[in-house]
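Hello,

Here is the structure I said I would pass on. My notes follow below it.

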Amino acid sequence: MMQQVQKMQQEMQQAQEELARETVTASAGGGAVKATMTGGLELVSLEIDPEVLDPEDVEMLQDMVLAAVNESLNSAQEMASKRLGGITGGLGDLGLNIPGM
């Protein structure tokens with residue numbers, strides 16, 4: 001039993017390291033705002049098309065940024081859940097502080 005747990009821990013660690021290198025990108029406003037996040041839930045890039053910079057409508061830009069970041073977060077969590085869920089066999093995170101689970 002302990003060997004199985006140790007193997008699972010090693011697989012989880014390896015999967016987490018791989019997830020930290022993988023990214024997902026989401027966009028809002030028809031691609032005007034793009035957010036890229038790692039599988040480790042770190043926002044690594046935020047791109048804003050200069051054409052949407054309107055000083056008269058900052059609220060719209062803020063909404064697009066929030067939408068893109070939240071969508072990339074959801075995508076990263078889903079990616080992590082799929083990757084790590086196969087390792088744990090549906091046991092949950094077992095208190096291991098795993099992003100996306």
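Is Thr36 buried or exposed? Keep in mind that this is a predicted model. Thr36 has a relative accessibility of 12%. Buried means under 20%, so Thr36 counts as buried.

Where does Thr36 sit? It belongs to strand β2. Leaving aside residues up to four places away in sequence, Thr36 touches Thr23, Val24 and Thr25. Thr36 also touches Glu42, Leu43, Val44 and Ser45.

Now the sheet. Three strands make up an open sheet in the order β1-β2-β3, and the pairing is antiparallel. The edges are taken by β1 (23-28) and β3 (43-48). Each of these has a single partner strand, so one side of each has no neighbour in the sheet. On average, neighbouring strands of this sheet are turned by 15° against each other, direction ignored.

Next, the pairings.

- β1 and β2 (residues 33-38) run antiparallel and are joined by six bridges. Ala28 stands opposite Val33 in β2.
- β2 and β3 also pair in the antiparallel sense, over five bridges. Met37 has Leu43 in β3 as its bridge partner.

One more item, on the turn. β2 and β3 form a hairpin, with four residues between the two strands. Leu41 lies in that turn and has a positive phi of about 65°.

To recap for your setup: Thr36 is in β2, and counts as buried at 12% relative accessibility. Its strand pairs with β1 over six bridges and with β3 over five.

Best regards

Methods. Residues are numbered from 1 along each chain as its sequence is written. This is a predicted model: local features need pLDDT of at least 70, side-chain atom pairs count only at pLDDT 80 or more; totals for chains, interfaces and linings use all residues. Side-chain values use heavy atoms; hydrogens and water are left out. Two strands pair if DSSP finds at least two bridges between them. Axes are lines fitted to C-alpha atoms, for helices over the stretch in contact, and angles run from 0 to 180 degrees between N-to-C directions. Buried means under 20% relative accessible area, exposed over 50%, partly exposed in between (1.4 Å probe, protein chains only). Contact means heavy atoms within 4.5 Å.
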